[in-house]
Amino acid sequence: MVDALVLDQDGNPVRGLNRGDFEVIIGERVRPVSDARMVEADVGPRRFVFVVNRRGALPAQLQRVKDGLAEFVSTRFRSRDQALVIDFAAAPRITRGWRRGPGDLLPEVKNIPAMGFRSALGPAEDAADAVVMFSALAERLRELPGRKVVVVFSGSLSTFVGTPGGDLEPVAPWGWADFPSSKAGSDDAPSMLAHVFSAANASLYTIHLEGARRQEEGILVSNRDEYSGPMRDYGDGRGITARRVRNSSASLSGRRMSAFDRPGDDFLSSLASDTGGTYTARATDFARILEDIEYSNRLWYELSFEPFGSNVPGHYQAHEVRVRKIPGLRVVVRPGHVVPN
């Protein structure tokens with residue numbers, strides 16, 4: 001079963017579709033939909049997860065997050081909705097567990113620290129920490145029924161290849177066996193995360209903390225070098241030293257590079273594109289972005305179909321979902337599914 005949002009040209013959810021209106025494409029073969037059930041948020045609770053990455057963030061950016069979340073919770077979060085707040089600084093911290101309704105959630109939002117955390121690690125270890133956190137979150141969400149919406153507020157995180165001989169050099173305290181992508185048998189962390197969040201029936205919406213920036217950073221350029229480990233300036237003319245990580249963005253495909261109007265961030269953009277969410281790079285009015293996310297998730301369709309050519313539980317298959325014979329509609333769906341048990 002796969003969730004699909006169907007939106008018209010103005011971004012409004014479309015009602016009244018049935019199974020004959022949908023088709024699933026796996027490879028080049030069309031799979032009929034055996035059932036299509038329309039689900040409305042008014043009927044049952046929605047589950048939101050808000051992840052605030054304070055590593056490298058400025059106080060003004062975090063205050064915008066708090067203000068935007070507070071406005072969203074006060075005006076658009078419903079009494080039956082549930083939310084989990086994760087504060088990611090030195091380590092991920094779940095504030096008080098699942099909160100129901102604006103009365104319970106608003107104090108959690110106000111208690112999010114507005115101080116950034118300056119990590120002593122380099123971008124490679126920060127990215128590895130983030131992958132571990134997201135992997136654990138996906139495993140937890142997999143235990144809960146229904147659709148989940150994960151909203152990530154973060155500055156830039158670099159993607160990395162998790163296989164020996166790849167573009168990421170092994171750096172302490174991480175060994176190759178510690179990388180989740182190595183354990184999953186995937187060649188890069190974004191692909192692994194797309195699989196585990198698909199199995200958890202969750203979509204990630206990622207929002208860059210910095211908003212409109214003065215210059216392009218070229219983060220998606222494959223030959224961009226980065227540095228890992230503590231940055232040390234010895235003050236004796238030797239300059240700043242750190243371990244060099246070569247071509248840390250090389251695991252990204254050209255599709256991801258061209259999918260956005262601005263090369264904002266490899267990790268955040270691929271998380272969104274590969275899990276059926278959206279990536280926002282230029283916004284500073286976070287309340288408006290959250291309202292758009294909430295509005296598009298008021299109505300969705302649960303589509304049931306049989307996978308092609310694999311009866312192996314846990315096998316990941318890429319797919320595409322289309323609406324047949326109705327022009328002008330946009331289908332938002334995760335680009336793959338995990339064969340269930």
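**Entry 1: strand E9**

I began with E9 in this predicted model. Lys148, Val150, Val152 and Ser154 point one way from the strand, while Val149, Val151 and Phe153 point the other way, and all are buried. I wanted to know why E9 (residues 148-154) counts as largely enclosed by the rest of the structure. Seven of its seven residues are buried, so the label fits.

**Entry 2: the neighbours of E9**

Next I looked up which strands pair with E9. Strand E5 (residues 47-53) runs parallel to E9 and is joined to it by six bridges. Here I found Val49 standing opposite Val150 of E9. Strand E10 (residues 202-208) also runs parallel to E9, with seven bridges between them. On that side, Val152 has Thr206 in E10 as its bridge partner.

**Entry 3: helix H5**

Then I turned to H5 (residues 189-199) and asked how many of its 11 residues are buried. I counted nine, so this helix is largely enclosed by the rest of the structure. Among them are Met192, Leu193, Val196 and Phe197. After H5 comes Asn201, and I noted its positive phi, near 55 degrees.

**Entry 4: Asn18**

My last stop was Asn18, in the loop between strand E1 (2-7) and strand E2 (22-26). Is Asn18 buried, partly exposed or exposed? Its relative accessibility is 41%, and partly exposed covers the range between 20% and 50%, so Asn18 is partly exposed. A polar atom of the Asn18 side chain lies 3.0 Å from the backbone nitrogen of Gly20. I also looked up Asp35, 17 residues from Asn18 along the chain, and found their C-alpha atoms separated by 7.9 Å.

Definitions and conventions:
Residues are numbered from 1 along each chain as its sequence is written. This is a predicted model: local features need pLDDT of at least 70, side-chain atom pairs count only at pLDDT 80 or more; totals for chains, interfaces and linings use all residues. Side-chain values use heavy atoms; hydrogens and water are left out. Buried means under 20% relative accessible area, exposed over 50%, partly exposed in between (1.4 Å probe, protein chains only). Helices (H or I, at least four residues) and strands (E, at least two) are DSSP runs, numbered from the N terminus. Two strands pair if DSSP finds at least two bridges between them. A polar contact is a pair of N or O atoms within 3.5 Å; within protein, one must be able to donate a hydrogen and the other to accept it, and residues adjacent in sequence count only if both atoms are side-chain atoms.
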